[in-house]
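This briefing goes through the helices of one chain and a few single residues. Please keep the sequence and the 3D view open while reading.

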Amino acid sequence: MSSPSATMAVWSSAWLSGAAAADDVLDALRDWAEAHEVVAADERLATSLEIPERGEAGTGHATLLAALRRAGVNGAQLVMPVPGDVRGLGGPSQFGTEALKAGEAVVFDGLGIVPEHVGRTDSGILRWTVFEVPQPIPPVTVPLGEAEHELTGAMRVAAGILIELGVAKKRAGVREELQARIAERTKSSWPAGMPQRALRVLQRAAEVAAILELAMEDEPGGALSASAAHKRAEALRPLFHAVRTARCAAVADAVRALADHAGRV
């Protein structure tokens with residue numbers, strides 16, 4: 001899969017532009033959690049969007065779509081900030097702090113939405129908190145072709161790092177394990193009219209992410225020294241950056257294409 005925020009950004013944009021039905025959006029989000037809830041970060045925003053305030057019982061994610069419609073927002077932007085790279089968050093804000101903590105968020109016109117798992121990630125609730133973003137945040141994505149080129153190089157390097165780390169030798173059945181992870185992470189559904197290049201980049205990003213996830217794990221029963229773990233993390237850091245860049249670029253391309261497609265229908 002890609003990320004909850006990527007799914008939300010693409011599918012909600014498709015719905016807002018008339019390229020997808022609300023039920024299709026809700027079905028796609030269930031890939032991330034069976035149950036979703038939506039809250040506003042403060043009382044004023046809760047009143048404006050007609051959704052519960054944080055601290056109260058959340059409402060279903062269908063209500064979020066209605067709130068976005070009432071707010072008059074357009075297409076979404078995916079942001080995936082990490083310490084040292086907070087592009088897409090604008091100036092300091094509560095939204096920026098929580099998006100950085102989550103490592104992802106969706107930015108609309110004047111609104112930011114941050115996902116958070118409540119309970120176990122495989123069976124808990126995915127809570128979406130809506131924040132006001134008072135100042136426009138300019139797009140920060142690179143061209144899709146550039147992102148794809150960087151990601152292709154990252155995939156080769158990631159495979160080489162797996163060999164260098166000796167993961168295949170230290171973990172029995174590692175190839176089968178990697179194939180299973182890749183299959184799991186590339187099964188997301190996307191709207192009809194999804195541009196094929198953006199889809200390809202999202203799938204390749206999921207593949208690289210699966211490789212990196214495996215490379216970051218210690219072999220069963222093993223203990224990596226602090227210096228070795230640091231060296232590994234430093235080697236993989238540019239590859240994680242390539243994955244984030246590719247996902248943001250692919251989502252931006254998909255949002256534009258779906259809006260254009262809806263405008264021609």
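The buried residues of helix α2 pack against four elements: α1 (4-16), β1 (35-40), α4 (61-71) and β5 (125-132). The model is a predicted one. Its chain has 265 residues, and 46% of them are buried.

**Helix α2 and its partner α1**

- Helix α2 spans residues 22-29, and its buried residues are V25, L26, A28 and L29. Viewed along the axis of α2, these residues stay within an arc of 160°, so they line one face of the helix.
- The axes of α1 and α2 lie 9 Å apart, and the two helices pack at an angle of about 175°. Since angles over 145 degrees count as roughly antiparallel, α1 and α2 are therefore roughly antiparallel to each other.
- On the α1 side, the contact is made by P4, T7, M8, W11, S12 and W15. On the α2 side, A22, D24, V25, A28 and L29 take part.
- Sorted by class, the contact of α1 with α2 has 8 nonpolar, 2 polar and 1 charged residues.
- V25, A28 and L29 are buried residues of α2, and they also belong to the contact with α1.

**Helix α5 and what follows**

- Helix α5 covers residues 94-102 and has F95, G96 and A99 as its buried residues. They take up an arc of only 95° around the axis, which puts them on the same side of α5.
- T97 and K101 are exposed and sit on the face of α5 turned away from its buried side.
- The cover over the buried residues of α5 includes the strands β3 (105-107), β4 (111-118) and β5. Strand β5 is also among the elements that the buried residues of α2 pack against.
- G103 comes just after α5 and has a positive phi of about 80°.

**Helix α10: three residues**

- Which residues does A254 touch, leaving aside its neighbours within four places in sequence? They are V10, M194, P195 and A198.
- A254 is found in α10, which runs over residues 226-264. Its relative accessibility is 0%, so A254 counts as buried, given that buried means under 20%.
- The C-alpha atoms of A254 and Q196 are 9.0 Å apart, while the two residues are 58 residues apart in sequence.
- R244 is in α10 as well. With a relative accessible area of 15%, R244 is buried.
- Not counting residues up to four places away in sequence, R244 is in contact with M80, V82 and D85.
- A235 also has its place in α10. Its relative accessible area is 37%, so A235 is partly exposed.
- From C-alpha to C-alpha, A235 and V157 are 9.5 Å apart in space, and they are 78 residues apart in sequence.

**Helix α4 and the loop before it**

- E50 is placed in the loop between α3 (43-49) and α4. Although E50 is not a glycine, it has a positive phi of about 60°.
- Is E50 buried or exposed? At 57% relative accessibility, E50 counts as exposed, because exposed means over 50%.
- A62 lies in α4. A62 is partly exposed, with 44% relative accessible area.
- A62 and V38 are 24 residues apart along the chain, and their C-alpha atoms are separated by 9.0 Å.
- Helix α4 is one of the elements against which the buried residues of α2 pack.

**The chain as a whole**

- The secondary structure comes to 10 helices and 5 strands.
- Among the contacts in the chain with a separation of 6 or more, 67% are between residues 24 or more positions apart.
- The accessible surface of the chain is about 12800 Å², and carbon and sulfur atoms account for 53% of it.

How values were computed. Residues numbered from 1 in each chain as written. Predicted model: local features only at pLDDT ≥ 70, side-chain atom pairs only at ≥ 80, totals over all residues. Heavy atoms only, no water. Buried < 20%, exposed > 50% of the residue type's maximum accessible area, 1.4 Å probe, protein only. Contact = heavy atoms within 4.5 Å. Areas by Shrake-Rupley, 256 points an atom, 1.4 Å probe, with all protein chains shown as cover. Arc of directions from axis to C-beta. Axes fitted to C-alpha atoms, helices over the stretch in contact; angles between N-to-C directions. Parallel < 35°, antiparallel > 145°, perpendicular 65-115°, else oblique. Nonpolar A, V, L, I, M, F, W, Y, C, P; charged D, E, K, R; others polar.
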